[in-house]
Amino acid sequence: MTTRRSTTIAVLLTAALGLAACGSDDEPSFSETTLKFTERETDSFGFTDAPPKTEMSGEGPSEFSNGDQLTFSSDLLDGSGKDIGDLDVACTVTRPGRFQDSHENCQGTATLPDGTLALSRGGRVFGESDARGAVLGGTAGYAGATGAFSESEESEGRTAYTIELLLPE
């Protein structure tokens, strides 16, 4: 009987200490930050053609098949037009079709003076003029970042980005 009672007390004590360690009255605190950039295309572009192979023209592939991959790197400009970072992206085709109709899963890294941001976007990536994606995290000044971004085409070869961040304090 004493052993059972000692075991019960030990279990209850362990559970109480475990619950006390898990919680606190402090709510997490975040600050909101908005970043705005313009993406300027560069000549850094790659295409890996998974079977079935597509016809290539001077403008690129005529159609995408599942598993095709596109990679590119662009410059990021601030409001004055100064080059302040890079955007490196890899997209994998998940639904075949022509450029405007296919679906992709894209992962990217924005390298900025205060750190990097991990970005993600899916769906008809190349078929939408206004699009949204997720900020999955960051490094250095953006460590622990979460949020969303939107992009809209400004002109040929230029895209405007607005990144809404929540940063832990």
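1. Start with Ser120 and its surroundings. Leaving out neighbours within four places in sequence, Ser120 is in contact with Asn105, Cys106, Gln107, Gly133, Ala134, Leu136 and Phe149, where contact means heavy atoms within 4.5 Å. Keep in mind that this is a predicted model, where local features need pLDDT of at least 70, side-chain atom pairs count only at pLDDT 80 or more, and totals for chains, interfaces and linings use all residues. Residues are numbered from 1 along each chain as its sequence is written, and side-chain values use heavy atoms, with hydrogens and water left out.

2. Ser120 sits in strand β7, which covers residues 115–123. Strands here are DSSP runs (E, at least two residues), helices are runs of H or I with at least four residues, and both are numbered from the N terminus. With a relative accessible area of 17%, Ser120 is buried. That label means under 20% relative accessible area, while exposed means over 50% and partly exposed lies in between (1.4 Å probe, protein chains only).

3. One of the residues in that contact list, Gln107, also has a side-chain link to Ser120: the two side chains share a polar contact of 3.1 Å. A polar contact is a pair of N or O atoms within 3.5 Å; within protein, one must be able to donate a hydrogen and the other to accept it, and residues adjacent in sequence count only if both atoms are side-chain atoms.

4. On to the charged pairs. A salt bridge is a side-chain nitrogen of Lys or Arg within 4 Å of a carboxyl oxygen of Asp or Glu, and by this rule there are three salt bridges. Arg121 and Glu151 make one of them, at 3.3 Å from N to O. That pair links distant parts of the chain, with Arg121 in strand β7 and Glu151 in strand β9 (residues 146–155), 30 residues apart. Both Arg121 and Glu151 are buried.

5. Then there's Arg40, in strand β1 (residues 30–48). Arg40 is partly exposed, at 27% relative accessible area. Not counting residues up to four places away in sequence, Arg40 touches Ser74, Asp75, Leu77, Asp83, Gly157 and Arg158. The C-alpha atoms of Arg40 and Asp86 are 9.4 Å apart, with their positions 46 residues apart along the chain.

6. Which residue forms a salt bridge with Arg40 with the closest N and O atoms 3.0 Å apart? That is Asp75. Arg40 lies in strand β1 and Asp75 in strand β4 (residues 69–77), so the pair ties together parts 35 residues apart in sequence. Asp75 counts as buried, at 15% relative accessibility.

7. Asp83 also meets Arg40 in a salt bridge, at 3.8 Å from N to O. Here the link runs from strand β5 (residues 83–95), home of Asp83, to Arg40 in strand β1, 43 residues apart. Asp83 is partly exposed, with a relative accessible area of 39%. Shared partners join Arg40, Asp75 and Asp83 into one salt-bridge network.

8. Finally, the whole chain. The protein chain has one helix and ten strands, in the order α-β-β-β-β-β-β-β-β-β-β along the sequence. Of its 169 residues, 32% are buried. Among contacts with a separation of 6 or more, 43% are between residues 24 or more positions apart. The chain exposes about 10600 Å², with carbon and sulfur atoms supplying 51% of that area (Shrake-Rupley method, 1.4 Å probe; for residues, only the protein chains shown count as cover).
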